[in-house]
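Let's take a friendly walk through the internal cavities of this protein, and then look at how two of its helices meet and where one loop residue sits. Keep the viewer open as you read.

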Amino acid sequence: TRNYCLTTQFAFQENEIKLLTAEIEHLKNFGCLGVSPSLAGLRDENAKLKYRLNFLKKSLQEERSKSTKSMININSCLQEIFGAAIQAAYPDLENPPLVVTPSQQPKFGDYQCNSAMGISQILLKTREQKVIPREIAEKIAKNIPANECIEKVEIAGPGFINVHLRKDFVSKQLSSLLINGVQPPAIGKRKKVVVDFSSPNIAKEMHVGHLRSTIIGESMCRLFEFAGYDVLRLNHLGDWGTQFGMLIAHLQDKFPDYLTVSPPIGDLQAFYKESKRRFDTEEEFKKRAYQCVVLLQSKNPDFIKAWNLICDVSRREFQKIYNCLDITIIERGESFYHEMMKDIVKEFEDKGFVQVDDGRKVVFVPGFPVPLTIMKSDGGYTYDTSDLAALKHRLCEEKGDILIYVVDSGQSVHFQTVFAAGQMIGWYDPKVTRVAHAAFGVVLGEDKKKFKTRSGDTVRLIDLLEEGLKRAMDKLKDKERDKVLTPEELKAAQTSVAFGCIKYADLSHNRLNDYVFSFDKMLDDRGNTAAYLLYAFTRIRAIARLANINEQMLRKAAREEVLILDHEKEWKLGKCILRFPEILQKILEDLLLHTLCDYLYELATTFTEFYDSCYCVEKDRQSGQIVKVNMWRLLLCEATATVMAKGFDILGIKPVQRM
């Protein structure tokens, strides 16, 4: 059942291979008849068909190989099985509810199908048939098709169907995971995802507000890449606009020889504040700043060079932070879209969507009270124009199937209006293309107010990261890790803990909510923190090493050993490990990464229960010598660590072998 789509695809490709093979044989025979005038053409056609045949065979082999190596989404399998059962039981029912969830308690099995109650209500409303849910559940259970994963089902309460998985099925999936690694389920056609994140402003330092967009966006990109999507990571820098007029005018005054000697702008933030103060207080400077904007927008070479100098200073500062946080991103700022804005205005005008309001050109979008201003009264463009140009380019030029904007919640109405305008003008159909604003709340201080320094300034992101490094080292020294780790290992642990804890503290909260930033909480090695998970991971990895079992021995055992899941804690851990694909699938749908953090914490605590109850390595109590190694349990340790490592990778956290 779970491979229905792939099986259909394979059958189609195999049929095409048969047809192509027959056509090649026909061409061979036709060529042998001596029809010389068209023989060259036939040979050319023959070569093309052979190329297509080889391509199809290779593609088929790759898809088959991938489908057998991929982890199975058990929830999706069960949904397909119960979907088929409901279809067989109630063939005339359109779009019946399909609800399959993991059971919360072992006594209710491993999963539950709770569709019977919904079907009962539909039958009552549409057909005036009063059928008790329990009868519906029994009918569904009788129509469950043959499958490899269900051991038995039980009807409980008013109509819950409790599902018990087969142990040999779970054991087989765990073995596949150990042999093939963590492979995502096949996604079908490879779609393109465009993620807009980070997006600081030139001449302004990155602050704590940019932390969330940068961390969340990076993690989303890693998830979609792991799932097999083609991901384009874009940094929509604020690198264009009227503020550059005052910056260039100030540059000319402070460094008049900037065209020949690179200006030593050390503190761009102070440079920006100086130019802003002059802009607000000096009328002559203000006029010159406006003239500089006009010359910049007309692409005057001297002014373009000044603009590039200012942008380069910012880029170097941004890159320091991206290097610390291991961020990969392509710069594509507002300036990239500047030449497209004239055409955007014209397109909206040509389609009759533009109104003139006090000299401004505005677009009213149905359902939104505030219009988009696409041209100011002085002929300049706005953020609205820039974002519309970016949207069109990503849809029509980049051919994005999924567009994700990782921007704070304060921009929600703006993006909803821009997206609705894109639909209105016909750039995309939301049924075909997904365009989403992945909004997030603000970072709060421990006083529950917006996170600021003691002087009331916005917290500089680079200062925050340096403070994290200092506190991580203090924590490691408190635990006397400096006495057992080499200097290199200590440095690696410091970086892992500092940046891992900062990222995890953000990602472990629902991004829609505000969250309180606290170094003390994030560095605590108890509870749902990166410090706890990193320590747990290091401990799990050490179990096999301390038993003198190396990677080669584990790989050999994975192919030969059967994973025994007789103990309730073995069974609980095995099922928890295999829930990884369904967790990732949920996040691909709702873009809420805290679900992955919750899962990793659950996996770590489930492992602790297993480790406390089940001996992996048995030792003589007096001598401490290893008496027995329970290899199947070491394999469960390895499977847990493998999934945790992939989870860390998606979150952008780098674990260490010793901590």
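Searching the whole structure, which is a predicted model, turns up three cavities of 30 Å³ or more. The two at the top of the size ranking are set out below.

| Cavity | Volume | Nonpolar lining residues | Polar lining residues | Charged lining residues |
|---|---|---|---|---|
| Largest | about 60 Å³ | five | three | one |
| Second largest | about 40 Å³ | four | two | three |

**The largest cavity**

If you would like to select its lining in your viewer, pick Lys-69, Ser-70, Met-71, Ile-72 and Ile-74, then Gln-173, Ser-176 and Leu-177, and finally Leu-578. Which helix gives the largest share of this lining? That is α6, spanning residues 167–180, with three residues. Five of the lining residues are nonpolar, while three are polar and one is charged.

**The second largest cavity**

Here the lining is made up of Arg-212 and Ile-216, together with Asp-506, Leu-507, His-509 and Arg-511, and also Leu-592, Leu-593 and His-594. Two helices, α7 (208–226) and α16 (487–507), each contribute at least two residues to it. The class count for this lining is four nonpolar, two polar and three charged residues.

**Where α7 meets α23**

Helix α7, which helps line the second largest cavity, also packs against helix α23 (residues 631–651). Their axes are 7 Å apart and form an angle of about 130°. How are the two helices oriented to each other? Angles over 115 degrees count as roughly antiparallel only when they are over 145, so α7 and α23, at about 130°, are oblique to each other. On the α7 side, the contact is made by Ser-219, Arg-222, Leu-223 and Phe-226. The α23 side brings Lys-646, Asp-649, Ile-650 and Leu-651. Sorted by class, this contact between α7 and α23 has four nonpolar, one polar and three charged residues.

**A loop residue: Asp-447**

Now for the last stop. Asp-447 lies in the loop that runs between β13 (443–444) and α15 (461–478). Is Asp-447 buried or exposed? Its relative accessibility is 52%, and since exposed means over 50%, Asp-447 counts as exposed. Asp-447 can also be paired with Phe-517, which is 70 residues away along the chain. The C-alpha atoms of Asp-447 and Phe-517 are separated by 9.8 Å.

Terms used
Residues numbered from 1 in each chain as written. Predicted model: local features only at pLDDT ≥ 70, side-chain atom pairs only at ≥ 80, totals over all residues. Heavy atoms only, no water. 1 Å grid on protein atoms, 1.4 Å probe; cavity = no way out; pocket = protein on both sides within 12 Å on 5 of 7 lines; lining within 4 Å. Points joined across faces, edges and corners; volume = space filled by probe spheres on them. Helix = DSSP H or I, 4+ residues; strand = E, 2+ residues; numbered from the N terminus. Nonpolar A, V, L, I, M, F, W, Y, C, P; charged D, E, K, R; others polar. Axes fitted to C-alpha atoms, helices over the stretch in contact; angles between N-to-C directions. Parallel < 35°, antiparallel > 145°, perpendicular 65-115°, else oblique. Contact = heavy atoms within 4.5 Å. Buried < 20%, exposed > 50% of the residue type's maximum accessible area, 1.4 Å probe, protein only.
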